[in-house]
There are 2 protein chains.
Amino acid sequence: MDYSASPMLHICNEGDPALFRSILDRVGSKWTVIVIGLLEQRPHRFTELLNAIPGISRRMLTISLRTLERDGLIEREVFAEVPPRVEYRATALGISLSEPVIALATWVADHKAEIAATRATVDAAADSE
Amino acid sequence: MDYSASPMLHICNEGDPALFRSILDRVGSKWTVIVIGLLEQRPHRFTELLNAIPGISRRMLTISLRTLERDGLIEREVFAEVPPRVEYRATALGISLSEPVIALATWVADHKAEIAATRATVDAAADSE
DNA sequence: CTGAATCCTTCGGGATACTG
DNA sequence: CAGTATCCCGAAGGATTCAG
C-alpha cells in the first residue's frame, strides 16, 4: 500500500518500519522512559535505580537496561571493585531522545483536559445504554 | 519521589501520570498510529480500514477504533441505511497528535543508522562470549 | 552488589463463529 | 456491513531462587 498521502504514515514506514516500531515500543514501554529520565540527570547504580523506580522488579530493570544499552541509549560501566559496582549513564543519543518524548508529553499536557472530557462523555453514554 | 530535576520526568509525571501513560500506550500500540494516519487522509468505513491495514483482525480494529474514539482522537458516524454504513474520521485532536508522533518518527529516521550500528556492535560482542 | 535462571500468572491479541 | 462473543495461545512480566 502507498502511505505517501499521509505524512505520518509516510515517515513511519519509510526505511525500516520494524526499527521504527521497536523504538516506539521503547517509548511505549512502562519503564524505559523513566530509566532514561533518571540517567540523564546523573549516573546511577543498579540498586539505586531499583529503589528510585517504585514497582519495578530486578528482572524488568535488567531487561530494560539491556535493551536500552543495545540501542545505544544508555551506557554500562563496570568497576573492578569489591563489592562490585556498575554504573549506568545516558548517552548523547539517549538524551537526545528526550526531546521528541517531551514533545509528546507536552501534547498530552496541553490536551489532557480535552481527552478527559471526551472520555467522561463517552463513558457516560456507554453507561446509559 | 521528586522528578523536577529531569525535564522529561517532570513533564511526564506532572498532572496525571496515568493519562500520560495511556496516551503513550496508544502511540506504542501496533495499530492506532496507522488508523489515525489513514483517517487523517479521509473518512474510512470499517471494512475499508480492515482491508487497508494488512494483518489487523476485525476484533483488534474494533478495539482500536473504540479506544481512539473514547480518547476523542477519531469520530464515528452511523448512517441509517441498508446495508448499514459507518464512517470513521480523525478529529482535530487526532490530527494534532500526528505532530509529536512525526517528531518522534523523525528522530528515529535521523538516528536509525546509529541505532543499527550500536545493535550490531552489542550483538557481535554478545556472540563472541 | 549485580545480575541470571526458573517458575508461574496474566493478558494482549489471533482465529473462528455468530448477530443486528 | 459492521460488529460481538468465545476460545486459545504465546509473550510480557512479577516472584523467587541461584550465582559471580
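Q: Which of the 19 residues around DNA strand D come nearest?
A: In this predicted model, A:Met60, B:Thr47, B:Thr62, B:Arg76 and B:Tyr88 come nearest among the 19 residues around DNA strand D, where a residue is near a molecule or strand if one of its heavy atoms lies within 4 Å of it. Of the atoms of DNA strand D that come within 4 Å of the protein, 65% are accounted for by sugar and phosphate.

Q: What should be kept in mind about numbering and confidence in this predicted model?
A: Residues are numbered from 1 along each chain as its sequence is written, while chains are lettered from A and ligands numbered from 1 in the order in which they are written. Because the model is predicted, local features need pLDDT of at least 70 and side-chain atom pairs count only at pLDDT 80 or more, whereas totals for chains, interfaces and linings use all residues, and side-chain values use heavy atoms, with hydrogens and water left out.

Q: Why does the pair formed by B:Arg66 and a phosphate oxygen of DNA strand D count as a polar contact?
A: A polar contact is a pair of N or O atoms within 3.5 Å (within protein, one must be able to donate a hydrogen and the other to accept it, and residues adjacent in sequence count only if both atoms are side-chain atoms). A polar side-chain atom of B:Arg66 lies 3.1 Å from a phosphate oxygen of DNA strand D, and therefore the pair meets the cut-off. The backbone contributes as well, with a polar atom of B:Pro84 at 3.3 Å from a sugar or linking oxygen and an N or O atom of B:Val86 at 3.4 Å from a phosphate oxygen of DNA strand D.

Q: Which element gives the largest share of the surface near DNA strand D?
A: Helix 5 of chain B gives the largest share, four residues, where helices (H or I, at least four residues) and strands (E, at least two) are DSSP runs, numbered from the N terminus. By class, the surface near DNA strand D divides into eight nonpolar, three polar and eight charged residues, with Ala, Val, Leu, Ile, Met, Phe, Trp, Tyr, Cys and Pro counted as nonpolar, Asp, Glu, Lys and Arg as charged, and the others, Gly among them, as polar.

Q: Which residues come nearest to DNA strand C, of the 18 around it?
A: A:Thr47, A:Arg76, A:Tyr88, B:Arg59 and B:Met60 come nearest to DNA strand C, and helix 5 of chain A gives the most to the surface near this strand, with four residues. Polar side-chain atoms of A:Tyr88 and A:Arg66 lie 2.4 Å and 3.1 Å, respectively, from a phosphate oxygen of DNA strand C. Of the atoms of DNA strand C within 4 Å of the protein, 71% belong to sugar or phosphate and the rest to bases.

Q: What makes strand 2 and strand 3 of chain A a pair?
A: Two strands pair if DSSP finds at least two bridges between them, and strand 2 and strand 3 of chain A have six, in the antiparallel sense, so the criterion is met. They belong to an open sheet of three strands in the order 1-3-2, in which strand 1 (44-45) and strand 2 (74-79) are the edge strands, each pairing on one side only. Within chain A, Glu77 stands opposite A:Glu87 in strand 3.

Q: What lies across strand 2 and strand 3 of chain A, and at what angle to strand 2 of chain A?
A: Helix 5 of chain A lies across both strands, running at about 115° to strand 2 of chain A; axes are lines fitted to C-alpha atoms, for helices over the stretch in contact (heavy atoms within 4.5 Å), and angles run from 0 to 180 degrees between N-to-C directions. Helix 3 (residues 32-41) of chain B lies across strand 1, strand 2 and strand 3 of chain B, at about 95° to strand 3 of chain B.

Q: How do you know that the two copies are related as by a two-fold rotation axis?
A: Chain B can be laid on chain A with an RMSD of 0.2 Å by a turn of 180° and a shift of 0.0 Å along the axis, the superposition being by least squares on the C-alpha atoms of residues with pLDDT of at least 70 in both. The two copies are therefore related as by a two-fold rotation axis. Of the residues of chain B, B:Gly28 comes closest to that axis, at 2.3 Å (C-alpha).

Q: Why can the copies be said to meet through the same surface?
A: The copies meet through the same surface because 100% of the interface residues of chain B are also interface residues in chain A.

Q: What makes the peptide bond from A:Val82 to A:Pro83 cis?
A: Its omega is near 0°, and A:Pro83 has its place in the loop between strand 2 and strand 3 of chain A. In chain B, a cis peptide bond joins B:Val82 and B:Pro83, with omega about 0°.
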